Amino acid sequence: MADKAITEQSWNLITGETVTAAQQTLIKTALAIPETAYGSIWCDETAGTPATTTITTAGTYYKLTQFTNNGDATNTTPDHTNDNLAPDIDGTYRISLGISFSGTSNSTQTMKFYKNSTAITGATLVRKIGSGGDTGRGALQFTAALVDTDAVSVYVTSDGNGDTCTVDCAVLSMHLIE
């Protein structure tokens, strides 16, 4: 059983006995089978009007507030209304962002994962916007220790005052890895 999943059917095959839900919980605890935790928030504005974040001051990070939907979740709390994702279980998480965005022509946009309104060191995405302001794709993935009181979000800055970041579609997700 490579994935350590014990179902009633597999227990019956192994032992020839039936197992109650309470017994199954005890078995999982004895084998130290980790709980599952995952969740996401997302937006898709390709058919509508994409939302824009204005970077008033170059180098200052502004929270991306374009998320419009909660994705599936188990043991996490997706909150698109506050544009963050929170774990319900303490552990190490893989945090991922896939984003399609445009911005002010000839600007360099930088995005970071934030935990509780503080940048997560090393979790950075940088993209140069061309002269035509074309929409492009960016991805960011990072591993971080999180507790159940943490909230993860995405912030953006640019190299020019008054620059904009327009998100066409994005997915922010987390998955418990240990």
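A polar contact is a pair of N or O atoms within 3.5 Å, where one must be able to donate a hydrogen and the other to accept it. In this predicted model, one such pair involves glutamine 66, whose side chain reaches the backbone oxygen of alanine 51 at 3.3 Å. The points below begin with that residue and then turn to strand pairing, the nonpolar core, the aromatic rings, the cysteines and three loop residues.

**Glutamine 66 and its surroundings**

- Glutamine 66 lies in the loop between β3, residues 62-63, and β4, residues 69-70, and with a relative accessibility of 5% this glutamine counts as buried because that value is under 20%.
- Leaving aside residues up to four places away in sequence, glutamine 66 touches Cys43, Ala51, Thr52, Thr53, Asp83, Cys165 and Val167.
- Of these neighbours, Thr53 and Cys165 also face one another as bridge partners, with threonine 53 paired to cysteine 165 in β12.

**Strands that pair with β12**

- Strand β1, residues 38-44, pairs with strand β12, residues 163-176, in the antiparallel sense over 7 bridges, and within these two strands serine 40 stands opposite serine 173.
- Strand β2, residues 51-55, is also an antiparallel partner of β12, and the pairing runs over 5 bridges.
- Strand β7, residues 91-103, pairs with β12 in the antiparallel sense as well, here over 11 bridges, and glycine 98 stands opposite valine 171 in β12.

**The largest nonpolar core**

- In soluble globular proteins, nonpolar side chains tend to be buried together.
- The largest nonpolar core of this model has 31 residues, and the members that touch the most other members are Ile95, Ile99, Met111 and Phe113.
- Strands β1, β7, β8, β9, β10, β11 and β12 each supply at least two residues of this core, and the strand that gives the most to it is β12, with 6 residues.
- Methionine 111 touches a long list of residues beyond those up to four places away in sequence, among them Leu64, Leu97, Ile99, Phe101, Leu125, Leu140, Val154, Tyr155 and Cys165.

**Aromatic rings**

- A search of the whole structure finds 2 aromatic pairs, and in one of them the rings of tyrosine 61 and tyrosine 114 have their centres 6.1 Å apart and their planes at 45°, so this pair is tilted.
- The tilted pair links distant parts of the chain, since tyrosine 61 is in the loop between β2 and β3 while tyrosine 114 is in strand β8, 53 residues apart.
- Tyrosine 61 counts as partly exposed at 24% relative accessibility, whereas tyrosine 114 counts as buried at 10%.
- The rings of tyrosine 114 and tyrosine 155 have their centres 3.9 Å apart and their planes at 20°, so this pair is stacked.
- The stacked pair likewise links distant parts of the chain, with tyrosine 114 in strand β8 and tyrosine 155 in strand β11, 41 residues apart.
- Tyrosine 155 counts as buried, at 12% relative accessibility, and together Tyr61, Tyr114 and Tyr155 form one aromatic cluster.

**Cysteines**

- A search of the whole structure finds 0 disulfides, and for cysteine 43, which is in no disulfide, the nearest cysteine sulfur is that of cysteine 169, 6.8 Å away.
- Cysteine 43 is buried, with a relative accessible area of 2%, and cysteine 165 is buried too, with a relative accessible area of 0%.

**Asparagine 75, asparagine 116 and aspartate 148**

- Most residues other than glycine have a negative phi.
- Asparagine 75, although not a glycine, has a positive phi of about 60°; it is found in the loop between β4 and β5, residues 76-79, and it is partly exposed, with a relative accessible area of 29%.
- Asparagine 116 is not a glycine either and has a positive phi of about 55°; this residue is found in the loop between β8, residues 108-115, and β9, residues 118-128, and is partly exposed, with a relative accessible area of 37%.
- Aspartate 148 is found in the loop between β10, residues 136-146, and β11, residues 152-158, and at 46% relative accessibility this aspartate counts as partly exposed.
- The C-alpha atoms of aspartate 148 and asparagine 75 are separated by 9.6 Å, although the two residues are 73 residues apart along the chain.
- Leaving aside residues up to four places away in sequence, aspartate 148 touches Pro87, Asp88, Ile89 and Asp90.

Note on methods:
Residues numbered from 1 in each chain as written. Predicted model: local features only at pLDDT ≥ 70, side-chain atom pairs only at ≥ 80, totals over all residues. Heavy atoms only, no water. Helix = DSSP H or I, 4+ residues; strand = E, 2+ residues; numbered from the N terminus. Buried < 20%, exposed > 50% of the residue type's maximum accessible area, 1.4 Å probe, protein only. Contact = heavy atoms within 4.5 Å. Pairing = 2+ DSSP bridges. Disulfide = S-S within 2.5 Å. Core = buried A, V, L, I, M, F, W, Y, C linked by side-chain atoms within 4.5 Å. Phe/Tyr/Trp six-rings, centres within 6.5 Å; stacked < 30°, edge-to-face > 60°.
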